[in-house]
Every structure is written in C-alpha cells, then in structure tokens.
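Trainee: I'm new to this one and would like a close look at a single part, one of the helices. Could you walk me through it and then show me what else is around?

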Amino acid sequence: MSAQRQPEELMKLASQFLNELEAPFVGRHEESLVITLALMTGEHVVLIGEPGTAKSAIARRSADLLNARFFKYLLTKFTEPSELFGPLDIKSLRQGVYKRITAGKLPEAEIAFLDEIFNANSAVLNSILSIMQERVLYDGYTEIKVPLWTLVGASNRVPEEPELEALYDRFLFRQSVRPLDEESWDSLLDAAWKLEMGVSQSAPKVMTMDDLRAINNLMFKVDLSPIKSKLIRLFMIMNEKELHISDRRKGKILKAIAAHAMLEGRMQATESDLVVLRYTVPRDIDDFDKVNTILVEELKTKERILRELDEIANNVKNAEKSIKELEAFDPRLLDIYKNLKVAKGKIQSLVQDVEDEEVRKKAEEVDEMIENLTQEIMIKLNM
C-alpha cells in the first residue's frame with residue numbers, strides 16, 4: 001500500500017513518473033515537468049500555445065501512467081453543460097428528481113483536459129470554476145462532489161477578458177508551449193513517423209492515485225526555511241518589474257517549490273527549486289521571458305552557473321597569455337596567482353549542492369585549467 005511507502009520511495013516514484021511522462025515526446029521536458037508538479041500539488045495547469053504541440057497527448061499519458069479516470073473535451077462558445085457534466089436523467093426528472101447521468105463525464109474524472117478552455121460560455125465556465133476551486137459541481141438544487149485532482153487546460157491565447165480573470169488565476173502553473181527548435185526536427189520526424197506507423201510507446205502504470213495522494217501529503221513535510229528569504233527577495237524584484245503576484249498565489253508557490261525539491265530527491269528546499277517561479281509567476285506571454293531573465297540573474301540556475309564558469313575560463317585563458325609574457329620572479333605573477341585562488345574558490349561556491357553532471361564536468365575542466373596555471377606560476381616564482 002502507498003501509505004506504507006517510505007519517503008525515499010515516494011520521491012523516487014515521482015521522479016520515475018516524470019521520466020516516463022516525457023519519454024515519448026521530443027523536446028517536451030518542461031511541459032511534462034509542469035504537469036508532474038501540478039499532479040504532485042493537486043493544483044491545475046494551463047498550457048498556452050498553438051495546436052499540434054502535444055498538449056493533449058501529454059495530459060492523456062499522465063492519466064494513463066496513474067491509471068486515473070480521464071476526461072477530455074474541446075470547448076467552444078456553443079458547448080452545453082450536458083456535454084461536460086452529463087445529460088439530465090429524464091426518468092428521475094419525471095419523478096421530480098433533478099439528476100444528471102455523469103458516467104464518463106467531467107464530474108467523474110480524476111484528471112481532465114479541456115482544450116480551448118477560455119472559449120466556453122459563462123454558464124460552463126462558472127461551473128468549471130467551482131469544480132477547480134471547491135471540487136464541487138453546483139447543478140440546479142444539487143451539489144455534486146467531484147474527484148477531480150488536476151485540470152489541464154489548453155489555449156492558444158492568454159485571456160484578456162475581465163470575466164475570465166478568476167478562472168485564469170486558478171491555474172497555479174502556466175506554461176508557454178512553443179514549437180520545437182530546428183535542432184529537434186530530426187528527432188521529431190523520427191518520432192512522428194513511428195507514430196504514423198502505429199508504433200507508440202506504451203504507458204506503464206508507474207503509480208496509483210493513492211501513491212499520488214501520499215506524495216501530496218509528504219510534500220507538506222519538506223523544509224522550506226532555507227529558501228524563504230531568497231523567495232521574498234525574488235517577490236520584491238518581480239514586483240519592481242511590474243510582475244504582480246497575488247497573495248494567494250504567493251502562498252501556493254510554496255507547494256510548487258516543495259514538489260520540485262521532492263522531484264530532486266530532497267526533503268529540504270534549495271535555491272535551485274525556485275526555478276518553479278518561471279511556471280507560476282508569468283501571466284502574459286512576455287512575462288515568461290521576463291521571469292526567466294530574473295531567475296537566471298538571481299538564482300544558481302544551470303544556465304547561470306555555466307555562464308559564470310565560461311567567464312572564469314576566459315579569464316584563466318587571458319591570465320595564461322599574460323604569464324607567458326612575464327619574466328620569472330615578476331611581482332605581477334603573484335597577483336595573478338592570488339586571483340586564480342579566488343577563482344578556484346568561486347567555482348567551489350558555484351557548484352556547491354549542484355548535482356547536474358554537465359555543470360560538474362564543466363567545473364572540473366575549469367578547475368583543472370586553474371590548477372595547471374598555478375603550477376606554472378609557482379615554477380616561475382620558484383615557490
């Protein structure tokens with residue numbers, strides 16, 4: 001039973017789920033990640049982008065991996081409530097009982113995918129909002145409790161209408177889904193051809209909904225204290241950049257941070273987990289780039305570390321040229337030696353607690369450059 005699973009096992013299951021979710025899709029790691037985080041937190045996610053970018057396929061696979069009840073529908077302004085929530089039970093109505101036949105419809109789904117969600121009419125959207133907020137469908141004189149865990153919405157636009165603001169705000173996770181870059185086209189064509197041939201990667205059941213609930217319960221035991229001050233600083237920076245974050249969203253972001261830490265196999269959050277802000281803060285499409293720029297500058301992200309390692313490597317190369325031009329016992333050699341020692345310490349600080357293999361390999365290469373150069377200086381200084 002999932003209740004008997006140890007924390008390490010549950011975190012391993014979550015990581016395995018993410019790996020299996022993204023396996024058939026080329027270049028869709030971030031989309032798989034935000035859906036995994038949404039499932040772990042029991043929150044909702046909206047994927048914003050043009051058609052044909054695997055949004056519905058990833059959502060369906062997530063349900064298959066959990067063996068969860070799944071519902072999918074494309075919304076238009078003409079969508080009737082009965083299409084989503086089930087038709088009225090005429091037999092019961094004749095007996096004076098207002099009842100819907102919900103079999104196979106949204107009220108019985110654990111994971112749902114609603115395409116073009118912002119195109120629906122107000123009657124449908126109001127019902128969806130109550131389901132997202134309270135997990136209850138208010139239908140006539142009845143209240144139907146629904147088992148929905150996560151709603152995955154999709155749209156080709158960010159809603160501008162004021163009446164859609166409440167619904168849009170209920171999506172804790174938002175991801176801008178873009179067409180693949182040219183470097184991925186070769187792999188994309190191979191995967192697409194296999195799909196056309198009917199060769200698809202099966203979705204093995206990785207875990208159950210009970211396991212997911214256990215992961216969700218464990219999430220609240222993650223120690224968030226190490227990142228609190230940094231998170232507040234980021235909130236302040238984003239506020240200065242006119243990236244408004246509601247008080248409710250600020251609180252819910254903590255769940256995203258905790259879930260990300262668990263995906264990394266930790267029960268304590270670190271600065272690297274704050275990357276989830278790129279999926280939880282943006283509202284407009286332009287905001288995604290704004291938030292990403294702030295995070296790259298402020299956090300120990302992989303991109304930032306690699307960039308700083310490159311800068312150190314360039315400085316070492318320049319120092320190497322200078323050393324070749326200096327005579328033995330030149331006092332400037334000692335200054336270069338001290339600077340190299342400082343650079344060595346900076347590398348250690350940059351990669352501390354970083355587990356990414358590419359980063360560690362790059363750090364080792366630059367560190368070796370520094371070590372060789374310091375040896376050369378020591379020979380010239382006869383140290």
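Mentor: Of the 383 residues in the protein, 47% are buried. Keep in mind that this is a predicted model. The protein has 16 helices and seven strands, and its C-alpha atoms fill a box of roughly 105 × 50 × 45 Å along the principal axes. If you take the contacts between residues at least 6 apart in sequence, 75% of them join residues at least 24 apart.

Now for the close look. Let's pick helix α6, residues 122-134. Its 13 residues should span 18 Å at 1.5 Å a residue, and the C-alpha atoms at its ends are indeed 18 Å apart, so the expected and modelled spans agree.

Start at the N-terminal end of α6, where Asn121 acts as a cap. A side-chain oxygen of Asn121 sits 3.2 Å from the backbone nitrogen of Ala123. At the other end, α6 is followed by Arg135, and the phi of Arg135 is positive, near 60°.

What about the stretch in between? The buried residues of α6 are Val124, Leu125, Ser127, Ile128, Leu129, Ser130, Ile131 and Met132. As you read that list, keep one rule in mind: an α-helix has 3.6 residues a turn, so residues three or four places apart point the same way. The cover over the buried residues of α6 includes both helices and strands: α4 (81-85) and α7 (165-169), along with β3 (111-115), β4 (136-139) and β6 (150-155).

Step back along the chain from α6 and you reach Glu116, in the loop between β3 and α6. Glu116 is not a glycine, yet its phi is positive, about 50°. Its relative accessibility is 14%, and since buried means under 20%, Glu116 counts as buried.

For a second helix to set beside α6, try α3, residues 55-66. α3 has 12 residues, and the distance from its first C-alpha to its last is 18 Å, close to the 16 Å expected at 1.5 Å a residue. Its buried residues are Lys55, Ile58, Ala59, Arg61, Ser62, Ala63, Leu65 and Leu66.

The loop between β1 (45-48) and α3 holds Ala54. Here's another residue that is not a glycine but has a positive phi, this time about 70°. Ala54 counts as partly exposed because its relative accessibility is 25%. Just after α3, Asn67 takes a positive phi too, of about 55°.

Within α3, have a look at Asp64. With a relative accessibility of 39%, Asp64 counts as partly exposed. Setting aside neighbours within four places in sequence, Asp64 is in contact with Ala203 and Lys205. Met207 belongs in this picture as well: Asp64 and Met207 are 143 residues apart in sequence, but their C-alpha atoms are 9.9 Å apart in space.

From α3 you can hop to helix α2, the place of Ser32. Ser32 has a relative accessible area of 0%, so it is buried. Apart from neighbours within four places in sequence, Ser32 is in contact with Leu18, Leu21, Glu22 and Ile58. You've met one of those already, since Ile58 is among the buried residues of α3.

Helix α2 also brings us to the largest pocket, because α2 (29-41) is one of the elements that give two or more residues to its lining. The others are α1 (7-22), β7 (173-176), α11 (247-263), α12 (277-280), α13 (285-298) and α14 (302-325). The largest pocket holds about 1500 Å³ of space and is lined by 45 residues. Nearest its centre lie Glu30, Val275, Arg278, Tyr279 and Glu303. Sorted by class, the lining has 15 nonpolar, 13 polar and 17 charged residues.

One last stop is Leu350, found in helix α15, residues 331-351. Leu350 is buried, with a relative accessible area of 8%. For a sense of distance, compare Leu350 with Gly153: they are 197 residues apart along the chain, and 38 Å separates their C-alpha atoms. Gly153 takes us back to where we started, as β6 (150-155) is part of what covers the buried residues of α6.

Terms used
Residues numbered from 1 in each chain as written. Predicted model: local features only at pLDDT ≥ 70, side-chain atom pairs only at ≥ 80, totals over all residues. Heavy atoms only, no water. 1 Å grid on protein atoms, 1.4 Å probe; cavity = no way out; pocket = protein on both sides within 12 Å on 5 of 7 lines; lining within 4 Å. Points joined across faces, edges and corners; volume = space filled by probe spheres on them. Helix = DSSP H or I, 4+ residues; strand = E, 2+ residues; numbered from the N terminus. Nonpolar A, V, L, I, M, F, W, Y, C, P; charged D, E, K, R; others polar. Expected span 1.5 Å × (residues − 1). Buried < 20%, exposed > 50% of the residue type's maximum accessible area, 1.4 Å probe, protein only. Contact = heavy atoms within 4.5 Å. Polar contact = N/O pair within 3.5 Å; in protein donor to acceptor, adjacent residues only side chain to side chain.
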